[in-house]
Amino acid sequence: MYAWKCWHDCHDRVILYAAASLAIGLMFGAEVFAQYQVWLVYVPKWNPHARHLWDPVRWAWNWGLYMTDDSLFPAAVWVALSLGAVSVGREYRSGAMPFLLTRPASRRAFVWTDWSLGLVQMTVILAMMLAGLASVLSGISRDYVWLCFPPLLGCVVLGAALYGLTHFTTTLAGSSMKGLSASAAVILFYELLPGALKEWWHVSGPLGFRDWSLNLWDWHPGKTDPFTLYGWPMLMWLLIALAFPLLSQIVLEWREA
């Protein structure tokens, strides 16, 4: 029942984001498909041996995923913050939390149901961008559809951590806007502070850790597998993603005890 309420409260936003994500993927796919037709016509004329030196189908898929990669990560950040801001904290803002807590369900059920539904919604939104790209490039070949999964997995894990952060800050602050502001501040500090420390005080450790933690996959067109996931950063963000709803549960149980 609570899952249905969560979906009812944010389904308009989720549908809009999913449609926008799909449209972006389709546009990228159309651009790559058009470029692929140009390659087939002109590249062999410039270099008669070109077909023996490179695979135009694989090149098209690699290029499409490279284009998508520039939009998928910002989309993950935006969706995580947006959905996290309308998680548990919205119940405090609307005044519904006292009523919900009188229902025959545990605090844990409220937190984990809300978090799980948000994670599913975020995954669907991000997947729609790659689905749009793949639906167009499948007209060239379906052999490389599997290349969509590693970047999606990396963005979902990182997005889950950011969503969990916003979910926790809204619970802690008891306000959607205050929680969203706190999460945005944490993200900005994590992104900008290491560079400032390196520039001002020549402390390179935080910058190295930040770059390592955000290097979830590697794109290199010369490799057999251009999208290689990095295990330890993925594991770190996965543990963080699971830790935040647990902290939200503890805060809620402590506050409403």
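This report describes the helices, the largest pocket and some single residues of a predicted model.

**Overall make-up**

The protein chain contains ten helices and two strands. Read along the sequence, these elements follow the pattern α-α-α-α-α-α-α-α-α-β-β-α. Of the 257 residues in the chain, 44% count as buried.

**Three helices and their spans**

The table sets the end-to-end C-alpha distance of three helices beside the span expected at 1.5 Å a residue.

| Helix | Residues in helix | First to last C-alpha | Expected span |
|---|---|---|---|
| Helix 6 | 31 residues | 45 Å | 45 Å |
| Helix 8 | 26 residues | 36 Å | 38 Å |
| Helix 10 | 25 residues | 37 Å | 36 Å |

Helix 6 covers residues 107–137, and its reach is close to the expected value. Helix 6 also bends, by about 25°, at methionine 128. Tryptophan 112 lies in this helix. With a relative accessibility of 25%, tryptophan 112 counts as partly exposed, because the partly exposed class lies between 20% and 50%. The C-alpha atoms of tryptophan 112 and leucine 242 are 10.0 Å apart, although 130 residues separate the two in sequence.

A second pairing of this kind involves threonine 68, a residue of helix 3. Its C-alpha atom is 7.7 Å from that of methionine 129, and the two residues are 61 apart along the chain. Threonine 68 has a relative accessibility of 1% and therefore counts as buried, the limit being under 20%.

**Helix 8 and what follows it**

At the start of helix 8, a side-chain oxygen of serine 175 comes to within 3.5 Å of the backbone nitrogen of methionine 177. Further along, helix 8 has a kink of about 35° at leucine 192, shortly before proline 194. Proline 194 is one of the buried residues of this helix, and Ser176, Gly179, Ser183 and Ala196 are also buried.

Helix 8 is followed by histidine 202, which sits in the loop between helix 8 and helix 9 (205–214). Histidine 202 has a positive phi of about 55° although it is not a glycine. Is histidine 202 buried or exposed? Its relative accessible area is 66%, so histidine 202 is exposed, the cut-off being over 50%.

Serine 213 belongs to helix 9. Its relative accessibility is 0%, so serine 213 counts as buried. The side chain of serine 213 reaches the backbone oxygen of arginine 210 at 2.8 Å.

**The largest pocket**

Rolling a probe the size of a water molecule over the atoms shows where empty space is left. The largest pocket has a volume of about 270 Å³. It is lined by 14 residues, of which Leu162, Ile187, Tyr190, Leu214 and Trp237 are the closest to its centre.

Which helices each supply at least two residues of the lining? They are helix 3 (56–85), helix 7 (149–173), helix 8 (176–201) and helix 10 (231–255). By class, the lining has 13 nonpolar residues, one charged residue and no polar ones.

Trp237, which is among the residues closest to the pocket centre, is also listed among the buried residues of helix 10. Others buried in helix 10 include Pro233, Met234, Met236, Ala241, Phe244 and Pro245. Ser248, Gln249, Val251 and Leu252 are buried in helix 10 as well.

Note on methods
Residues are numbered from 1 along each chain as its sequence is written. This is a predicted model: local features need pLDDT of at least 70, side-chain atom pairs count only at pLDDT 80 or more; totals for chains, interfaces and linings use all residues. Side-chain values use heavy atoms; hydrogens and water are left out. Helices (H or I, at least four residues) and strands (E, at least two) are DSSP runs, numbered from the N terminus. The expected span of a helix is 1.5 Å times one less than its number of residues. The bend at a residue is the angle between axes fitted to the seven residues ending there and the seven starting there. On a 1 Å grid over the protein atoms alone, a cavity is a set of points where a 1.4 Å probe fits but cannot get out, and a pocket is an open set with protein on both sides within 12 Å along at least five of seven lines; lining residues have an atom within 4 Å of a point. Grid points are joined across faces, edges and corners, and a volume is the space filled by probe spheres set on the points. Ala, Val, Leu, Ile, Met, Phe, Trp, Tyr, Cys and Pro count as nonpolar, Asp, Glu, Lys and Arg as charged, and the others, Gly among them, as polar. Buried means under 20% relative accessible area, exposed over 50%, partly exposed in between (1.4 Å probe, protein chains only). A polar contact is a pair of N or O atoms within 3.5 Å; within protein, one must be able to donate a hydrogen and the other to accept it, and residues adjacent in sequence count only if both atoms are side-chain atoms.
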